[in-house]
Amino acid sequence: MLKCGMSGSQVKVFGKAIQALSRISDELWLDPSEKGLALRSVNSCRSAYGCVLFSPVFFQHYQWSTSVDMNNGTKSNLNCKLGIKSILPIFRCLNSLERNVEVCKIFTRSDKCKVVIQLFCRHGIKKTHNVCFQESQPLQVIFEKNTCSNTLMIQPRVLAEAIVLFTSSQEEVTLAVTPLEVCIKSSTEESMDLNSSVYSEMFVGPHEFEFFQIGVDTEITFCCKELKGMLIFSEATHAPITMHFDFPGKPMALNIDHMLLEANFVLATLADEPSRASSPQSLCLSQKRKRSDLPCSNSKVGKKDSKGMESISRKVAPRKLYADEILSNISALENSGSPIMKRVNSDTEEEPGSPSLRKCKAKNNLMEVMPKSYFCISDIEHLPPLSKKPGFGVG
Amino acid sequence: MKFRAKIADAACLNHFTRVSCMVAKLARTCTLRIRPHALNFILADPAGGGVSMWCELPQENFFSEFQMEGVSEDNNAIYVELAAENLSRALKTAQNARALKVKLTNKHFPCLTVSIELVSVSSSSRMVTHDIPVKVIPRKLWRNLQEPTVPDADVSIYLPVLKTMKSVVEKMKNISNQLIIEANLNGDLNLKIESELVCVTTHFKDLGEVQVDIRKFLQFLAGQQVNPTRGVCNIVSHKMVHFDLLHEDVSLQYFIPALS
């Protein structure tokens, strides 16, 4: 059960969060807890995750409670999944919303599986939106930022200037760092030819960052679209973005820490070519070998021939691209049990089989080259429960 | 073949960017000709609708440094083909640039490399590089890319303000695909469309007829962002319309053939 209210200017920030998360996926979880109201989103390929947590003091008033199941007395949270298409239009034209809305109230009616969003505007106008939700336990990604060797904190404007260099046709962006400089560039593919798009690169010196710590020289490649989502949101909060990352293949985290809210985006990165033969890469592989008794081997990482990669990817099921993370639901955490995905009303959920591969057409590049040994949801069930170490926990 | 040039002045950079945006609006690929004294953007499309464009930029008006070495001593020119939008987009990122350098390079394949030195908020420099893939055009195809001859026109008149013409033609586009351009030696120009139900004429003043495809005309007008110092329209009756625009430091000629 959720009941909260916010003012016009808070609605703008809330709306920006929804816009940012809409870049990740078409669905959004509304997840209230004592820590505040979290908005969560995971894309269908499981290569990007976003969460914006609004603390209770962000709102004018904030109430939440667990509901108790009549039959067996178990407590359950609000398991509320909304379609982005239903909720995004409500928060369109944020500038005019900020001017016109005096109060915005959001509350749930669990008897009817609806979220009610009421906008009390000037001149006595009241807009009420009843949005149906699907009961679905939210996904949460746990990512230990403090173990990353590289940390950069930068004002969003600088990143935005860099991102504008890359066209919408270029999906992936590479971030190359050394202790002396940072380079943001188009990711190069093997088969560059005359019809390829412009290759661009931009160098940024360490003094432009608010915090600059590079432990490992590295180059990571990730999807531009989700980064843009995070940038939209950070510009609204005027807070700097912190990037935590390590070696290629390991996901990177983008983080905004603000008094009233906290945003975390975790993006998968492209795994490295084995020609590098650097130790982080082999570490990555051995950890996976221990975990996965999946039939596919890691040798696929080695294929340089892009055609070869394409044919491989068609044979395998869609991969979830998190390395050593625990992809779990919140109740599993509470039970400190195995990270098995649990869903209520699972018949309404899509199976993690080929349908999600269809949706990932845009992410084919990333999907094709990532090593297979990341988990599929269904495969997690076969694995023994993961220990809480190696130190991963949300910051 | 060598080419390197530098633009150090913000106004020149701005103007060059605008010209390249204009070219990008007219066609997807265009030819860039580099000669010791000028750059040309060329669009020759004889097979298609026959629209062709010739744009000349005298290099001293734009570049503070300019060096080139053509294919050979007798043929001291370089012809390359590129996607016009790639160039305009790369130039648009150079809004606050201190300097812009452009040169022909060969990184896996021939590229026009644009290096920009941006001034960031903290007044420190940031380097941005764009490698735009280009295709070198062999000498045997150069024939098709020469400066077109200005036809002997039946009527030659000055153009009215382009923005006005553009808004008129945009509305006309919804009614008909064909536009009749009439001009006479008294300095009158008419834009006329006819359909079954309606006939609309906009008078800029009077006579001398050519029918052209309205979309091509609109495309040409849409590309014009700055009103030229002088714009001349030459009409060869029933054959073609030729627009000759002269800006301060750029000249642009555009040909639209008549619909038969």
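Which strands does helix α4 (residues 156–163) of chain A lie across? In this predicted model, helix α4(A) lies across β16 (182–186) and β17 of chain A together with β9 of chain B, and runs at about 155° to β17(A).

## The sheet that spans both chains

The strands just named belong to an open sheet of nine strands, whose order is β19(A)-β15(A)-β16(A)-β17(A)-β9(B)-β8(B)-β7(B)-β1(B)-β5(B) and whose pairing is antiparallel. At its edges stand β19 (218–223) of chain A and β5 (65–69) of chain B, each of which pairs on one side only. On average, and with direction ignored, neighbouring strands of this sheet are turned by 15° against each other.

The junction between the chains falls where strand β17 (residues 199–204) of chain A meets β9(B), the two running antiparallel and being joined by four bridges. Met202(A) has Val128(B) of β9(B) as its bridge partner. Within chain B, strand β7 (residues 97–107) and strand β8 (residues 109–119) pair in the antiparallel sense over 10 bridges, and Leu100(B) has Ile116(B) in β8(B) as its bridge partner.

## The interface between chain B and chain A

The contact draws 18 residues from chain B and 19 residues from chain A. The two chains bury about 1600 Å² between them, with 59% of that area on carbon and sulfur atoms. On the chain B side, the residues that lose the most area to chain A are Phe109(B), Arg126(B) and Asp131(B), which together account for 33% of what that side buries.

Polar and charged pairs also cross this interface: the rule finds five residue pairs in polar contact and one salt bridge. In that salt bridge the side chains of Glu208(A) and Arg126(B) meet at 3.2 Å, N to O. Two elements of chain B, α2 (84–92) and β9 (125–133), give two or more residues to the side that touches chain A, and β9(B) gives the most, with eight residues. By class, this side of chain B consists of seven nonpolar, seven polar and four charged residues.

## The ten-stranded sheet of chain A

Chain A also holds an open sheet of 10 strands in the order β12-β8-β2-β3-β4-β22-β21-β20-β14-β18, with antiparallel pairing. Because β12 (134–135) and β18 (211–214) of chain A stand at the edges with a single partner strand each, one side of each is left without a neighbour in the sheet. Inside this order, strand β2 (residues 27–33) and strand β3 (residues 36–42) of chain A pair in the antiparallel sense over five bridges, and Pro32(A) stands opposite Leu37(A) in β3(A).

## Helices and a salt bridge in chain A

Helix α5 (residues 224–237) of chain A lies across β4 (48–54), β20 (241–245), β21 (252–257) and β22 (261–267) of chain A, and runs at about 165° to β22(A). Helix α5(A) also lies across β15 (172–177) and β19 of chain A, where it runs at about 85° to β19(A).

Over all chains, a search of the whole structure finds 11 salt bridges. One of them joins the side chains of Lys12(A) and Glu98(A) at 3.6 Å, N to O. Since Lys12(A) lies in helix α1 (residues 8–22) and Glu98(A) in helix α3 (residues 94–100) of chain A, the pair ties together parts that are 86 residues apart in sequence.

Notes. Residues numbered from 1 in each chain as written. Chains lettered and ligands numbered in written order. Predicted model: local features only at pLDDT ≥ 70, side-chain atom pairs only at ≥ 80, totals over all residues. Heavy atoms only, no water. Contact = heavy atoms within 4.5 Å. Buried area = accessible area lost by both parts, 1.4 Å probe. Salt bridge = Lys/Arg side-chain N within 4 Å of Asp/Glu carboxyl O. Polar contact = N/O pair within 3.5 Å; in protein donor to acceptor, adjacent residues only side chain to side chain. Nonpolar A, V, L, I, M, F, W, Y, C, P; charged D, E, K, R; others polar. Pairing = 2+ DSSP bridges. Axes fitted to C-alpha atoms, helices over the stretch in contact; angles between N-to-C directions.
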